[in-house]
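Trainee: Could you take me through one part of this protein up close? I would like to look at its aromatic rings and what sits around them.

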Amino acid sequence: MLVAFEGIDGAEKTAVLALLKKRKKASQYEFCKAFNAPLDGDSQQAPAHKDSGLAGTDVFTADQVWTYDNKTLPALKQNKIVIWDGYVDTVLAYRYAEESTGGIVNHDLAHAINNPFKKPDLTFYFHTDEQMFLDDTTAKNRRKPATIEFLRSMNKFYQNKVQTDSTYVRVDASQPIEQVYEVVNSILQAFEFHKNSALKIDHERADVLVKLLNKQYYNDPFFLSVQANLIGNQVPKGVAKGSKYHARFLYYIACNDHGLKSNSMYEKAKRLYETHPEYFDPRTIINLSEDDIFNAIVKKLGARYPNALLRSWIENTSFIMQNYEGEPINLFTSTDDAYVLLKSIQKLRGYGPKISGMLVRAIHGLKFNPALKNMEAVLVPVDIHDSRILFKTGVLSVPKSENFDYYDYVLPAQKELLSACNRNRLDWTIVDKALWLIGSHNRTDSLVEEVMKVKG
């Protein structure tokens, strides 16, 4: 798999690559960067040829070819994840910026020279504000690598790519470096399906699956009849969607989704809220005894795992009181970055990868925070159920193996579902909702039949 890091100078690409190189296994990864080949001449100065697009293109590519032939291709043959710090689009972004700032550029030459290189499977665009970077450079007495106009043009090139190239993922590089690393690493982990190198992925069948799910979600009578069961549609009577009271309700019920039939739990929870809204107010709950909470709340909801529900209600109440002034909506609006929000929610009891991703999706869809961005860094909240579906539909397969654990393939299932949605310009949150409804209503077999009708 080939991954590219792209972005303007100073967008923390090299810093993140250094952390990955330090923390990842050499048997899994190969790290490549421009201007690192043993060539004659001062190729390090290639990007400085602002008055010569030909010179910049030619020297950069000569260096790139050596690294590509001697490091990238051998690593790909070994099934490694190869990460480039600045790849083909770096050349094209420079050429675009040069032309935008008055230079003369031969676009046909630039594209022709770089055409033989393999297209990345995934591209991280590290976005940072041009003025912020220049201000930081000045404060630290560093050499300014380019004018603000030049950097702004490069950012424009990359932003256009985000809109037109499904391999691109935008990362907010203005965050602290560890947060940027966490966003990148969370996505890369979905590609680390090295537990069984015999795993095969049928990308065409994955495309059929996600397109079918998307179409059925909006048109199939089954989906239209059960969409009311989605967590984002759970609103007690008299409560406004997106209000602090709605936030309180979702905060307490989402983590118990796994404990009992969802539609049954939701209905009981809404009835309880309508008669006793104070049981969803952390300021009230913090003053109740465990016996009071068990008798007044847990028993009323009829949880399959009553002790787990009790512990969640108590511990999550303490968390929200200590960190967010007793209001869940303060947590929901504590950041404009969806990935940072996901990490905060995962600190709560009962919020594993699937449930926390589901809640972030609901927060986004209900517009508790209209400014919430970076949803692409919150991977499709896949679990063993979705992994099983991908095997049954033939998207995933392990030839000559009858005994394996579906759980081992949750990450590749996650990666392929997200990639298929990106390839087909589909909203992954819709596909995820469809999968969730299929699983909760035991409709897997009918889905398999539909996919087989199309793909065989």
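Mentor: Start with Arg443, whose charged end sits over the ring of Phe222, 4.1 Å from its centre. A second arginine makes a similar arrangement to look at: Arg23 lies over the face of Tyr181, at 4.5 Å from the ring centre. Please keep in mind that this is a predicted model, so treat each distance as a value computed from predicted coordinates.

Now to rings that meet other rings. The count comes to 25 aromatic pairs. One of them joins Tyr94 and Phe150, with 5.7 Å from centre to centre and 45° between the planes, a tilted pair. Tyr94 belongs to helix α3 (residues 88-100) and Phe150 to helix α6 (residues 148-164), so this pair ties together parts that are 56 residues apart in sequence. Are these two rings buried or exposed? Tyr94 has a relative accessibility of 8%, and because the cut-off for buried is under 20%, Tyr94 counts as buried. Phe150, at 5%, also counts as buried.

Another pair to find on your screen is Phe124 with Phe126. Their ring centres are 6.4 Å apart and their planes meet at 55°, so this pair is tilted. Both Phe124 and Phe126 are buried.

Rings can also join up into a group. Ring pairs link Phe249, Tyr251, Tyr252, Tyr273, Phe280 and Trp313 into a cluster.

For a contrast in chemistry, turn to an acidic side chain. Asp207 lies in helix α8, which spans residues 203-219. Asp207 has a relative accessible area of 16%, so it is buried. What does its side chain meet there? The side chain of Asp207 makes a polar contact of 3.0 Å with the side chain of Asn424. Leaving aside residues up to four places away in sequence, Asp207 touches Ala420, Arg423 and Asn424.

Finally, step back to the whole protein. There are 21 helices and seven strands, and buried residues make up 53% of the 456 residues. Of the contacts between residues at least 6 apart in sequence, 74% join residues at least 24 apart. The protein exposes about 20,900 Å², and carbon and sulfur atoms supply 49% of that area.

Technical notes: Residues are numbered from 1 along each chain as its sequence is written. This is a predicted model: local features need pLDDT of at least 70, side-chain atom pairs count only at pLDDT 80 or more; totals for chains, interfaces and linings use all residues. Side-chain values use heavy atoms; hydrogens and water are left out. Helices (H or I, at least four residues) and strands (E, at least two) are DSSP runs, numbered from the N terminus. Buried means under 20% relative accessible area, exposed over 50%, partly exposed in between (1.4 Å probe, protein chains only). Contact means heavy atoms within 4.5 Å. Accessible areas come from the Shrake-Rupley method with a 1.4 Å probe; for residues, only the protein chains shown count as cover. A polar contact is a pair of N or O atoms within 3.5 Å; within protein, one must be able to donate a hydrogen and the other to accept it, and residues adjacent in sequence count only if both atoms are side-chain atoms. Rings of Phe, Tyr and Trp (its six-membered ring) pair if their centres lie within 6.5 Å; planes under 30 degrees apart count as stacked, over 60 as edge-to-face and the rest as tilted. A charge sits over a ring if NZ of Lys or CZ of Arg is within 6 Å of the ring centre and within 35 degrees of the ring normal.
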